[in-house]
Amino acid sequence: TRCRGVGSPDYCMREGPPSTPQEVEKHPAIVFGLPDFRLRWLFRRDGRVEEVPVRGDIAISSGLAIRHAAHDGLGLALLPDWLVGPDLAAGRLIDLFPDHDITATSFDTAAWLIYASRRYTPKKVRLMTKFLRERLGRPG
């Protein structure tokens with residue numbers, strides 16, 4: 001899955017979109033509320049990787065809520081293309097760096113599990129999580 005650095009057309013008109021990865025640092029970011037996702041974004045182009053600190057002014061634990069906050073023009077967001085693809089196609093969000101690969105953690109190593117609640121996790125979800133952790137390992 002490829003991630004996209006996005007902003008709303010309203011935000012980009014009001015604040016001016018970043019023209020380089022380094023300019024992301026000057027903009028408010030809507031980030032995932034996990035430690036590895038709040039502090040930096042990594043940009044990769046032509047094999048070269050740049051680390052850019054982000055201002056995580058808003059930290060949210062839901063990708064859908066981050067997408068809505070980006071729609072509302074609250075800042076820049078880093079989201080998977082499967083989540084923002086329809087928004088990009090419809091012009092509701094702008095892909096700010098279409099020529100870059102972008103991530104908040106590391107490239108080509110992520111696996112995501114999305115489930116409804118931590119309070120009650122069905123046994124089959126717990127078993128799948130355990131299986132994936134054993135096979136893929138924990139992030140370092």
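In this predicted model, Asp87 forms a salt bridge with Arg67. The closest N and O atoms are 2.7 Å apart. The pair links distant parts of the chain. Asp87 sits in helix 4 (residues 81-90) and Arg67 in helix 3 (residues 63-71), 20 residues apart. Asp87 counts as buried because its relative accessibility is 1%. Arg67 is buried too, with a relative accessible area of 17%.

**Helix 3 against helix 4**

Two packed helices are described by the angle between their axes and the distance between the axes. For helix 3 and helix 4, the angle is about 25° and the axes are 11 Å apart. The two helices are therefore roughly parallel to each other, since angles under 35 degrees count as such. Helix 3 passes helix 4 in a right-handed crossing. Which residues make the contact? Helix 3 contributes Gly63, Leu64, Arg67 and His71. Helix 4 contributes Leu83, Val84 and Asp87. Arg67 and Asp87 thus appear both in this contact and as salt-bridge partners.

**Salt bridges**

The count comes to 9 salt bridges. Three pairs are set out here.

| Pair | Closest N and O atoms | Relative accessibility |
|---|---|---|
| Asp87 and Arg67 | 2.7 Å | Asp87 1%, Arg67 17% |
| Arg4 and Asp95 | 2.6 Å | Arg4 19%, Asp95 17% |
| Glu51 and Arg40 | 3.4 Å | Glu51 55%, Arg40 25% |

Arg4 forms its salt bridge with Asp95. This pair also links distant parts of the chain: Arg4 lies in strand 1 (residues 3-7), Asp95 in strand 7 (residues 94-95), 91 residues apart. Are the two partners buried or exposed? Arg4 counts as buried at 19% relative accessibility; the cut-off for buried is under 20%. Asp95 is buried, at 17%.

Glu51 forms a salt bridge with Arg40. Glu51 lies in strand 4 and Arg40 in strand 3, so the pair ties together parts that are 11 residues apart in sequence. Glu51 counts as exposed at 55%, and Arg40 is partly exposed at 25%.

A network of salt bridges links Arg2, Arg44 and Asp101.

**Strand 1 and its partners**

Of the 5 residues of strand 1, 4 are buried, so the strand is largely enclosed by the rest of the structure. Arg4, in strand 1, is itself buried. Strand 1 pairs with strand 6 (residues 76-80) in the antiparallel sense, over 4 bridges. Within this pairing, Gly5 stands opposite Leu78. Strand 1 also runs antiparallel to strand 7, joined by 2 bridges. Here the bridge partner of Gly7 is Ile94 in strand 7. Strand 1 and strand 7 are thus joined by backbone bridges and hold the two partners of the Arg4 and Asp95 salt bridge.

**Strand 3 and its partners**

Strand 3 (residues 40-45) and strand 4 (residues 48-53) run antiparallel, joined by 6 bridges. Arg40 stands opposite Pro53 in strand 4. Arg40 also has its salt bridge to Glu51. The two strands form a hairpin with 2 residues between them.

What is the phi of Asp46? Its value is near 55°, a positive value in a residue other than glycine. Asp46 is placed in the loop between strand 3 and strand 4. At 78% relative accessibility, Asp46 counts as exposed.

Strand 3 has a further partner in strand 8 (residues 101-103). These two pair in the antiparallel sense over 3 bridges. Phe43 has Ile102 as its bridge partner in strand 8. Asp101, a member of the salt-bridge network, falls within the residue range of strand 8. Arg44, another member of that network, falls within the range of strand 3.

**Helix 1 and Glu15**

Glu15 lies in helix 1 (residues 9-15). Glu15 counts as partly exposed, at 46% relative accessibility. How far apart are the C-alpha atoms of Glu15 and Asp101? They are separated by 23 Å, and the two residues are 86 residues apart along the chain.

Definitions and conventions
Residues are numbered from 1 along each chain as its sequence is written. This is a predicted model: local features need pLDDT of at least 70, side-chain atom pairs count only at pLDDT 80 or more; totals for chains, interfaces and linings use all residues. Side-chain values use heavy atoms; hydrogens and water are left out. Two strands pair if DSSP finds at least two bridges between them. A salt bridge is a side-chain nitrogen of Lys or Arg within 4 Å of a carboxyl oxygen of Asp or Glu. Buried means under 20% relative accessible area, exposed over 50%, partly exposed in between (1.4 Å probe, protein chains only). Axes are lines fitted to C-alpha atoms, for helices over the stretch in contact, and angles run from 0 to 180 degrees between N-to-C directions. Angles under 35 degrees count as roughly parallel, over 145 as roughly antiparallel, 65 to 115 as roughly perpendicular and the rest as oblique. A crossing is left-handed if the near helix is turned anticlockwise from the far one by less than a right angle, and right-handed if clockwise. Contact means heavy atoms within 4.5 Å.
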